[in-house]
Amino acid sequence: MAVPKLRFFEFSDEWNSFNLEEIATFSKGNGYSKNDLVESGVPVILYGRLYTKYETVISAVDTYVIKKDNSVISVGHEVIIPASGESAEDISRASVVDKSGILLGGDLNIVVPDNSIEPIFLALTISNGKQQKELSKRAQGKSIVHLHNSDLKKVCVIAPTIGEQKKIAKLFAVLDKKIALQRRKVELLKDNRAGMLARLFALEKVEDGEKKLFGECVSYLSTNSLSRENLQSVGSLQNIHYGDIHMLFPTLLDCQTQSIPAIFHQLDIDKYNTGDYLCKDGDIVVADASEDYDDVGKAIELKNVRSPLVCGLHTILARPHKGLFASGYCGYMMASPVVRKQIKILASGAKVLGISKSNLSIVNIPVPSLEIQNQISNTMQ
């Protein structure tokens, strides 16, 4: 029926197509959310981690719960797909649970293929190409989209012989391992950075006169509610999306060197390209929502703002009072353990955690002298 443009040289047979329901069985995860997590217990996979943590093959899990009755437990080689997500484009991604004994939480679609389909190959084809686009079209909802097993059953899968599937799966499994090793190196660097921040921003060592409430130090500006569907790679009005604060942008964002998505609908450009919305150097942008406990309330400081720039969906834009902070200090201060701990305590929500302006305003922040702030900023850059 079809052949790919790139393939291993020893294979020449055409790929065949069939509906997923012809070669797989379907079920759902059950019963666990972020509120159930504990430091040690039975390993569990939560659907939100498929967006932020895992590659195609999941062989190690670092989240745990106390096991409940009626739990769904992996036997190995299940293909799992989120049942909920932020956008239709993001929701159609799949991973393979490589080990048995792992709990599969709520909002997970579970697909178990028969012997004609290699699980890793199936996860790859669901997450890419025509299958990914087909699932995106089937996803339902606006602010939160949903994907059901009934949608998955109708997906048209195009696959080669099982031998070629296994070779493709092996290639990407090797690449995943390399990515995991690099991620571990990054995590170690982050731990080292967090240790430096903890020593630099030890709040108990700051005099009472050097502690202030965040709300006393800033003024809040307007943001918009535009989602990724309103953005493109380049354009005349750049727009910071909360997901990029979670995943992409550094603590101190250099707007001249970092690629920032742009608004492309002219009505939105005309509406938001005003002084009420435009960012300036030193502004703090906070991601006020996240499905991940570790990401809620993450913040960045802006520098070298030259092009018109605004802040979009699920962000809080705060402008520090003039002369209060040294350039670069706020970004690192907002990432310090003492500030992050307060934000996590003040965040609220079930599936999606949020931090409001009123709660953000009562966060205690260290405000030492400008000389010390400059020393901290210069050390961290």
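I take a residue as buried when its relative accessible area is under 20%, as exposed when that value is over 50%, and as partly exposed in between. The model I am reading is a predicted one.

**Entry 1, aromatic pairs.** I began with tyrosine 272, whose relative accessible area of 5% is under the 20% cut-off, so I entered this residue as buried. I then looked up the aromatic pairs and found that the count comes to three. In one of them tyrosine 272 is joined with tyrosine 277 in an edge-to-face arrangement, the ring centres being 4.9 Å apart and the planes standing at 80° to each other. Tyrosine 277 has a relative accessibility of 16%, and therefore I counted this residue as buried as well. I next noted the pair of phenylalanine 325 and tyrosine 329, which is stacked because the ring planes lie at 20°, with 6.0 Å between the centres. For burial I wrote down 15% relative accessible area for phenylalanine 325, which is buried, and 0% for tyrosine 329, which is also buried.

**Entry 2, helix 3.** How many of the nine residues of helix 3 are buried? I found eight of the nine in this helix, which runs over residues 119-127, so I describe helix 3 as largely enclosed by the rest of the structure. The buried residues that I listed are Pro119, Ile120, Phe121, Leu122, Ala123, Leu124, Thr125 and Ile126. At the start of the helix I looked at glutamate 118, where a side-chain oxygen comes to within 2.6 Å of the backbone nitrogen of isoleucine 120.

**Entry 3, asparagine 239.** I located asparagine 239 in strand 18, which spans residues 238-240, and its relative accessible area of 0% makes it buried. Which side chain does the side chain of asparagine 239 meet in a polar contact? I found that of asparagine 224, at 2.9 Å. Leaving aside residues up to four places away in sequence, I noted that asparagine 239 touches Asn224, Leu231, Ile260, Pro261, Ala262, Ile263, Leu309, Val310, Cys311 and Gly312.

**Entry 4, a surface patch.** I turned last to the surface, where Leu171, Phe172 and Leu175 form a nonpolar patch that has about 240 Å² of accessible area together. Leucine 175 is placed in helix 6, which covers residues 162-200. Is leucine 175 buried, exposed or partly exposed? With a relative accessible area of 37%, which falls between the two cut-offs of 20% and 50%, I entered leucine 175 as partly exposed.

Methods
Residues numbered from 1 in each chain as written. Predicted model: local features only at pLDDT ≥ 70, side-chain atom pairs only at ≥ 80, totals over all residues. Heavy atoms only, no water. Patch = residues over 30% accessible without salt bridge, like charges linked within 9 Å, V, L, I, M, F, W, Y side chains within 5 Å. Areas by Shrake-Rupley, 256 points an atom, 1.4 Å probe, with all protein chains shown as cover. Salt bridge = Lys/Arg side-chain N within 4 Å of Asp/Glu carboxyl O. Helix = DSSP H or I, 4+ residues; strand = E, 2+ residues; numbered from the N terminus. Buried < 20%, exposed > 50% of the residue type's maximum accessible area, 1.4 Å probe, protein only. Phe/Tyr/Trp six-rings, centres within 6.5 Å; stacked < 30°, edge-to-face > 60°. Polar contact = N/O pair within 3.5 Å; in protein donor to acceptor, adjacent residues only side chain to side chain. Contact = heavy atoms within 4.5 Å.
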